[in-house]
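Reader: I am new to this structure and should be grateful for a close look at a single part. Please begin with one strand and its partners, and then place that part among its surroundings.

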Amino acid sequence: MTTTMARPGQVPRTDRRPAAQQRRRRPAPIGKSFASFILIAIAAFTVFPLIWLVLTSLRPQNTIFTGPIFPTHLTFAAYPEAWVSTGFAVHFLNSLWITAATVAGVVIFASLAGYAFAKLRFPFKNVLYVALLATLMMPATSLIIPLYLQLRAIGLLNNQLGLLILYVSSSAPFSMFLMRAFFETLPDELVQAARVDGATELQVFRRVVLPLARPGMATVIIFQFLQTWNEFLYANTVLQDTGKLPLQPVLFSLMGQYNTDWPTLTAGLTMSIVPVILVYVWMQRQFVAGLTLGAVKN
Amino acid sequence: MHSINGASSLGSAFARTRLDRRTLLKAGAAGFGAAATASLLAACSGGSASSSSGTTTVRVWSWYTEQKDTLPKVIKDFEDKHPHIKVNLRIFGTPDQYLPALTAAVSGGDVPEIFAPHVRAITYGKQGISADLKKELGSDFLKDFFPAENQEYSDGDKQYALGWEAQTFGIFYNPELFAAAGVDGEPETWDDLIDVAQKVNATGKSSVAFSANPGTSALDFFLPLITQVTDDPTYFLKLDQLEKGYKWTNEPVVKALELNDRIVKANVFQKGTTGTSGDQATQLFYTGAAAMLFAGSWIPAGLIQNATPDFVKKYKIMKTPAIKTGARHWTADQAGAGFAVSETSKAKDAALEVLKYLYSPDVYSKLMNDSSSMPATQSAVDRVTSPQIKQMASWLPDGCPHIPFGAGSSASGDPLTKIFDQKASPADVAKQMQTAVVNARG
Amino acid sequence: MSSQTISRGMPRRGSSTSGGSHLWRLQRSERLAGYVFSIPITVLFAVFVGWPIVFAIYLGFTSWSGFGSPTFTGFANYERMWNDPVARQAFITTIVYAIVTTVLQTVIPLFIAVLLNYVWSGLSVVIRTILFIPGIVSFVVSGVLWKLIYDPNLGTLNKALRGLGLDGLATNWLSNPATVLPAIIVVSLWGAIGTNMLIYFAGIQGVDPTYYEAAQIDGASRWQQFRFVTIPGLRVVTAIVVSLNLMNGFKVFDIIFVMTGGGPSHASEVFGTYLYSLAFGSTAGSIPQLGYGSAFSVIVMLLCGVAVAVQVFLTRRAQR
């Protein structure tokens with residue numbers, strides 16, 4: 001039994017095919033090629049600076065600006081240099097654990113709260129919602145000093161846990177809005193039906209609603225991973241011992257005021273991009289590709 | 001700690017099974033209030049202790065990336081000799097990456113033991129953040145430093161930082177491009193330089209690559225002109241502190257602005273100086289797009305890293321032009337890189353130990369040579385091995401100030417860029433400088 | 001307190017025959033869940049976001065160098081801002097930047113997300129991955145990359161233009177006040193296409209296919225399906241994308257700071273960069289001006305409040 005989506009009085013056809021295939025039948029061949037052409041052009045524009053990034057990491061340093069566009073002389077020397085001189089492994093692991101923990105924390109809190117704001121009714125809901133919106137409204141640079149003082153008061157300065165809490169606190173609201181938006185597309189009847197069937201609110205959330213929120217969660221995971229992985233300003237200010245720093249501040253310190261070691265920097269950046277691409281590809285396959293709301297039928 | 005009270009009232013709120021509105025709001029308010037109180041109190045409290053089980057930790061913060069590879073070794077040698085002192089070295093990439101961290105640390109009352117003061121040496125000293133090193137290290141220690149380095153960090157008879165690297169400015173040039181333009185020898189005065197520029201421009205190249213971005217870089221070029229006009233290096237020091245009778249609208253300043261204006265009008269610089277960053281200007285030079293580069297003694301190390309070996313062999317350096325034949329070639333020479341010591345840190349004595357070691361003649365001289373930097377002490381300058389650094393260091397006796405240490409002085413950089421953009425007259429710019437500086441003083 | 005006391009067969013909520021106490025218990029458990037679910041995020045928010053924001057707003061009424069305690073100065077900072085020519089210019093630039101980037105970054109990714117639904121799915125996945133890649137690097141990195149591309153002498157853009165014989169177009173992209181803002185906007189768009197498109201794409205996927213079926217049954221063409229099913233279904237998502245882009249536009253800092261530092265001569269100065277240079281910048285000179293800088297962040301916050309109001313308005317409309 002599907003929850004009613006068609007207009008009242010409409011009798012659903014019994015011989016319809018699965019939704020995914022339904023969608024694919026719609027495009028006409030001519031539209032396809034034209035669309036593909038445009039998309040490929042845009043993709044080329046998009047990817048070209050990054051190709052340049054990788055190429056730069058393969059050049060000997062003094063040909064960066066004087067050599068031709070495509071280097072005649074390729075060298076991988078920058079990679080071991082980046083690995084060793086920045087202590088890449090340590091900072092990579094720092095980034096990895098801080099980012100993973102942040103993503104986990106954000107997904108949990110944002111889903112819970114997003115669902116609450118979307119489907120549950122409770123007093124002061126709107127006040128809280130608007131207050132949480134305030135998170136998005138301040139430029140990060142203006143909050144550095146207050147946050148520094150706050151962490152200091154709680155004794156979590158120069159502590160990766162402190163940075164983690166900071167990240168979760170300031171990112172969860174944004175992810176919460178995303179999750180709320182996705183939850184709102186789910187029909188209310190779904191929740192009510194489950195309640196009637198005797199489920200607790202938590203069970204309703206976990207068993208019924210959450211599985212349907214996969215596209216939302218995938219989006220949140222990707223966004224949050226990206227944002228945290230690339231964050232620089234707070235990490236740079238809040239963590240003092242270099243051993244505790246995540247990857248980005250360390251890589252950026254390669255950008256000197258007058259001299260920048262371009263090959264090493266771009267090599268380090270290229271290496272730091274790899275995990276993010278992996279997460280993205282994984283998310284694609286798990287949740288976004290081929291998803292349908294046909295799950296509703298279950 | 002006060003925050004514990006806040007946490008426990010929240011905790012008891014959770015423990016109750018009945019969660020109602022009132023409890024929630026109370027808990028939230030308590031949390032808010034506790035956190036706020038704790039933070040305000042923390043903002044006023046002093047520094048934190050940095051010792052544990054016998055070892056003292058000394059933090060050293062700077063952005064002196066030129067010693068990124070060489071300083072850690074020196075630090076390690078120090079730690080081996082002083083097992084009860086641990087040094088945390090942190091080299092940021094640029095001042096913009098460094099300053100938020102420093103500002104936050106200062107506002108939290110936890111100033112790093114040794115830190116690069118940037119232009120805040122004197123203001124921090126007056127506020128009791130940086131220690132008076134004349135008192136801590138003695139006048140004998142300071143004797144070896146060049147007068148300019150000591151002066152720039154001094155207020156009265158107190159000195160709040162030590163020069164770490166001196167620098168002088170000059171004009172780097174490409175002899176091949178000179179030859180191609182039919183230029184003979186090196187220009188001695190600004191008029192000579194203007195002539196050279198006409199010849200070079202005729203060959204399609206830019207003459208002097210220069211970065212007027214940000215505005216304070218433009219001050220590196222302009223402020224020495226004030227000394228050239230007055231022949232008095234202390235003039236700017238007084239103007240910098242806005243002492244009685246010294247205003248940016250005074251005649252010497254306006255004259256210097258007019259000279260600057262004349263140089264810009266003659267197309268001596270490349271187009272778009274206010275949009276060119278420091279490393280872009282350097283790139284123009286070593287890629288052969290410009291025949292000359294006005295910059296400081298950090299350049300030779302950078303050229304070794306970025307330019308082709310051929311180029312490194314062929315470029316030359318000449319003195320900053322003088323205002324007229326026979327006049328002194330006053331050149332900007334204050335140390336951009338220095339070290340200050342935290343007055344409030346409990347590890348201050350250990351920090352002074354570290355400094356003394358870093359400046360001990362053999363250690364210091366070797367470090368400076370290994371990183372192709374210009375030392376700030378006479379004895380180390382005598383032992384410089386790089387010929388370019390040697391040449392540029394020989395100009396130190398003609399050094400003059402170029403860094404706006406005074407409160408609000410750096411605000412003069414903005415109006416100055418209008419001269420480079422040819423958007424305002426010298427007299428107007430002088431007035432704007434005065435207004436901007438006074439405004440920024442707050 | 002849980003709803004397990006409700007037996008099966010009870011009429012659904014909303015039916016007029018439900019008993020009063022049962023309804024009350026249902027609502028109570030719902031309320032409880034609502035609070036419990038949103039407590040973690042709220043507490044973290046209060047301590048690490050709420051209080052700092054309050055403090056930053058307070059700082060806007062003070063003068064503070066970061067050391068010692070702030071001195072209360074009332075509205076002095078705002079007066080100064082009113083009379084500060086740089087602040088005025090930055091205000092206009094901030095608004096222009098925010099609006100232009102929002103329009104571009106809302107329309108173009110939507111267009112792309114729709115196109116993606118119309119191509120072979122294999123190509124769609126590849127394109128999606130590629131388009132997403134710029135979003136993977138932080139704005140600091142893309143700022144640096146593009147700065148090199150825009151370099152007037154050594155950058156690939158001008159080299160390409162000269163190679164194509166279009167020398168006249170090869171200008172000083174980042175040092176020419178006329179071109180600096182568009183140049184930066186292009187970079188922002190480059191970075192935002194992928195992420196905004198992803199939101200739209202998930203949103204399009206999230207539109208229930210039965211709506212399309214119903215429309216098809218009614219004989220709607222593809223274009224009509226798009227207009228009457230897809231677009232309305234995307235209203236909420238669009239509202240979010242619009243308000244997020246607006247807010248990011250008002251708050252922008254990284255990308256402009258890295259590429260031009262606000263120059264040339266403040267041509268690309270926005271509130272984000274100006275406040276940074278007042279508080280921390282190398283050009284702030286010897287005294288950080290945290291109070292004056294905070295006043296700017298308050299204005300940005302007010303602007304973002306407008307963006308939020310826009311989102312709420314659009315969302316209300318979308319919910320019919």
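Author: The model shown here is a predicted one. The part chosen is strand β10 of chain B, and the account begins with its pairing. Strand β8 of chain B, residues 169-173, is joined to β10(B) by 5 bridges, and the two strands run antiparallel. Within this pairing, Tyr173(B) has Met292(B) of β10(B) as its bridge partner. A further strand, β9 of chain B, residues 206-209, is joined to β10(B) by 3 bridges, and here the strands run parallel. In that pairing Ala209(B) stands opposite Leu293(B) of β10(B).

Is β10(B) buried or exposed? Strand β10(B) covers residues 290-296, and 7 of its 7 residues are buried, so the strand is largely enclosed by the rest of the structure. The cut-off behind this reasoning is that a residue counts as buried when its relative accessible area is under 20%.

Chain B also offers a buried residue in a loop. Ser373(B) is found in the loop between α18 (361-370) and α19 (378-382) of chain B. With a relative accessibility of 4%, Ser373(B) counts as buried. Its side chain makes a polar contact of 3.2 Å with the side chain of Gln67(B). Another polar contact, of 2.9 Å, joins the side chains of Ser373(B) and Ser371(B). If neighbours within four places in sequence are set aside, the residues in contact with Ser373(B) are Glu66(B), Gln67(B), Glu165(B), Met368(B) and Ile389(B).

Two other loop residues of chain B deserve attention for their backbone. Most residues other than glycine have a negative phi. Asp231(B), although not a glycine, has a positive phi of about 60°. Asp231(B) belongs to the loop between α11 (215-230) and α12 (234-240) of chain B, and is partly exposed, at a relative accessible area of 47%. Leu242(B) is not a glycine either, and has a positive phi of about 50°. Leu242(B) sits in the loop between α12 and α13 (251-265) of chain B, and its relative accessibility of 22% makes it partly exposed.

The surroundings include chain A, which has 13 helices and 0 strands. Of the 298 residues in chain A, 61% are buried. Among contacts in chain A between residues at least 6 apart in sequence, 74% join residues at least 24 apart. The area that chain A exposes is about 12,200 Å², of which carbon and sulfur atoms supply 66%.

One helix of chain A can be followed in detail. In α3(A), residues 78-85, the buried residues include Ala78(A), Tyr79(A) and Ala82(A). These residues cover an arc of only 100° around the axis, which puts them on the same side of α3(A). In general, an α-helix has 3.6 residues a turn, so residues three or four places apart point the same way. Just after α3(A), Gly87(A) takes a positive phi of about 60°.

Chain C supplies a helix with 33 residues, namely α3(C), residues 85-117. At 1.5 Å a residue, α3(C) should span 48 Å, and its end C-alpha atoms are 48 Å apart, which agrees. At the start of α3(C), a side-chain oxygen of Asp84(C) comes to within 3.0 Å of the backbone nitrogen of Val86(C).

To return to the part first chosen, β10(B) is joined to β8(B) in antiparallel fashion and to β9(B) in parallel fashion.

Terms used
Residues are numbered from 1 along each chain as its sequence is written. Chains are lettered from A and ligands numbered from 1 in the order in which they are written. This is a predicted model: local features need pLDDT of at least 70, side-chain atom pairs count only at pLDDT 80 or more; totals for chains, interfaces and linings use all residues. Side-chain values use heavy atoms; hydrogens and water are left out. Helices (H or I, at least four residues) and strands (E, at least two) are DSSP runs, numbered from the N terminus. The expected span of a helix is 1.5 Å times one less than its number of residues. A polar contact is a pair of N or O atoms within 3.5 Å; within protein, one must be able to donate a hydrogen and the other to accept it, and residues adjacent in sequence count only if both atoms are side-chain atoms. Buried means under 20% relative accessible area, exposed over 50%, partly exposed in between (1.4 Å probe, protein chains only). The arc is that of the directions from the helix axis to the C-beta atoms. Two strands pair if DSSP finds at least two bridges between them. Contact means heavy atoms within 4.5 Å. Accessible areas come from the Shrake-Rupley method with a 1.4 Å probe; for residues, only the protein chains shown count as cover.
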